[in-house]
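I opened this notebook to record, entry by entry, what I looked up in one structure. The entries go from strands to rings, then to charges and buried residues.

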Amino acid sequence: MIDLHSHLLFDVDDGALEENVTRQMLDRYVRQKVSAVAATSHSLVDLPQYQNAFERVSAIAEPLGVRLVPGREYSLAVAEEQSAHLQTLGSSRFLLVDLGRFSVNAALSNRLRDFSRPLLFAHPERLWGEKAVENARFLAERHEAFFQLNSGSFLGEYGKTVRKAAWALLNAGFCTVIASDAHDVCGITLAECRNLLESYYDAATVSVFFEDNPQRILSDLPPKRIVPHCSWISRIRQKF
């Protein structure tokens with residue numbers, strides 16, 4: 001599996017607080033059979049600090065068989081301010097953006113047009129609630145927009161409303177990748193989420209979210225859009 005959203009770099013943002021936590025996170029990634037992790041620290045961390053932390057953690061991760069990939073999680077305002085020097089995911093053109101509490105409307109759409117690169121929106125299920133599918137459709141129709149959902153959202157870690165929004169986005173075809181957004185060891189729940197999804201969908205469909213699309217993004221290829229199918233009984237089970 002590939003995790004495209006993680007805060008495992010220590011002592012740079014609100015993620016891992018110290019090296020020991022980073023090492024514990026890497027050990028858990030190994031146990032969950034994650035082969036590559038995007039170190040997407042928040043964009044307010046200055047570049048030299050980020051690069052130093054990235055190099056230190058890469059040296060720890062490589063012997064464990066985990067490839068560290070550069071990237072940042074940008075707020076919209078910072079992405080606009082730093083538009084000439086943005087750190088995309090790996091060597092791709094894809095930019096991870098957290099829209100925060102911005103309203104999804106024509107004004108936001110106009111601001112997004114300034115980005116000449118595909119945008120991967122971070123954890124929309126946590127931001128939009130009942131309007132998640134409506135907002136995702138609006139952005140997908142107007143922009144080269146893709147959507148990263150958190151594994152913990154499907155497991156109920158952020159509450160019932162977020163969980164319901166995550167399932168709704170997935171079933172409507174607005175889930176591009178599933179990542180951890182891990183800030184500590186407990187946040188690495190990719191394997192648990194994958195097992196849950198495989199109880200509703202076939203393994204080939206689920207692998208798109210954890211392996212195929214993350215690899216396509218890192219290879220700078222358009223991700224697949226999957227509208228998964230399951231029985232109506234399974235859809236009811238997903239709501240509880």
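The entries below follow the order of my look-ups.

**Entry 1: the model and its parallel strands**

I note at the outset that this is a predicted model. I began with strand β2, residues 36-42, and found that it runs parallel to strand β3, residues 67-75, with seven bridges joining the two. As one point of register between them I wrote down Val37, whose bridge partner in β3 is Leu68. I then followed the chain from β2 to β3 and saw that it passes through helix α2, residues 47-61, in a β-α-β crossover that is right-handed.

I went on to the other pairing of β3 that I had listed, in which three bridges join β3 to strand β4, residues 95-98, and the two strands again run parallel. Here I noted Glu73, which stands opposite Leu96 in β4. Between β3 and β4 the chain goes through helix α3, residues 76-81, and I recorded this β-α-β crossover as right-handed too.

**Entry 2: aromatic rings**

How many aromatic pairs does a search of the whole structure find? I counted eight from that search, and chose the pair of Phe147 and Phe174 for a closer look. Their ring centres lie 6.0 Å apart and their planes stand at 85°, so I entered the pair as edge-to-face, given that planes over 60 degrees apart fall in that class. The pair links distant parts of the chain, since Phe147 belongs to strand β6 (residues 145-150) while Phe174 lies in the loop between α8 (160-171) and β7 (177-179), 27 residues away.

Are these two rings buried or exposed? I found Phe147 buried, with a relative accessible area of 2%, and Phe174 buried as well, at 4% relative accessibility. I also noted that the two belong to a cluster in which ring pairs link Phe121, Trp128, Phe147 and Phe174.

**Entry 3: arginines over rings**

I next looked at charges placed over ring faces, and came back to Phe174, where the charged end of Arg225 sits over the ring at 4.5 Å from its centre. A second case that I wrote down is Arg72, which lies over the face of Tyr50, 4.5 Å from the ring centre.

**Entry 4: salt bridges**

I recorded nine salt bridges in the structure, and went through several of them in turn. In one of these, Arg28 is joined to Glu192, with the closest N and O atoms 2.8 Å apart. This pair links distant parts of the chain, because Arg28 is in helix α1 (residues 19-31) and Glu192 is in helix α9 (residues 190-197), 164 residues apart. I found Arg28 buried, with a relative accessible area of 18%, whereas Glu192 is partly exposed at 33%.

In another, the side chains of Arg126 and Asp181 meet at 3.4 Å, N to O. Here too distant parts of the chain are linked, with Arg126 in helix α5 (residues 124-128) and Asp181 in the loop between β7 and α9, 55 residues apart. Arg126 is partly exposed, with a relative accessible area of 33%, while Asp181 counts as buried at 7% relative accessibility.

The next one that I followed runs from Arg194 to Glu198, with the closest N and O atoms 3.4 Å apart. Arg194 is buried, at a relative accessible area of 15%, and Glu198 counts as partly exposed at 33%. I noted further that Arg194, Glu198 and Glu211 are linked in a network of salt bridges.

**Entry 5: buried residues of α6, and Gln32**

Which residues are buried in helix α6, residues 132-142? I listed Ala132, Val133, Asn135, Ala136, Phe138 and Leu139. These buried residues pack against α4 (106-112), β5 (119-122), α5, β6 and α8.

I closed with Gln32, which is found in the loop between α1 and β2 and counts as buried at 7% relative accessibility, so I looked up what surrounds it. Leaving aside neighbours within four places in sequence, I found Gln32 in contact with Met1, Ile188, Thr189, Leu190, Ala191 and Glu192. I had already met Glu192 in Entry 4, as the salt-bridge partner of Arg28.

Terms used:
Residues numbered from 1 in each chain as written. Predicted model: local features only at pLDDT ≥ 70, side-chain atom pairs only at ≥ 80, totals over all residues. Heavy atoms only, no water. Pairing = 2+ DSSP bridges. Helix = DSSP H or I, 4+ residues; strand = E, 2+ residues; numbered from the N terminus. Right-handed = clockwise from strand over helix to strand, strands pointing away. Phe/Tyr/Trp six-rings, centres within 6.5 Å; stacked < 30°, edge-to-face > 60°. Buried < 20%, exposed > 50% of the residue type's maximum accessible area, 1.4 Å probe, protein only. Lys NZ or Arg CZ within 6 Å of the ring centre and 35° of its normal. Contact = heavy atoms within 4.5 Å.
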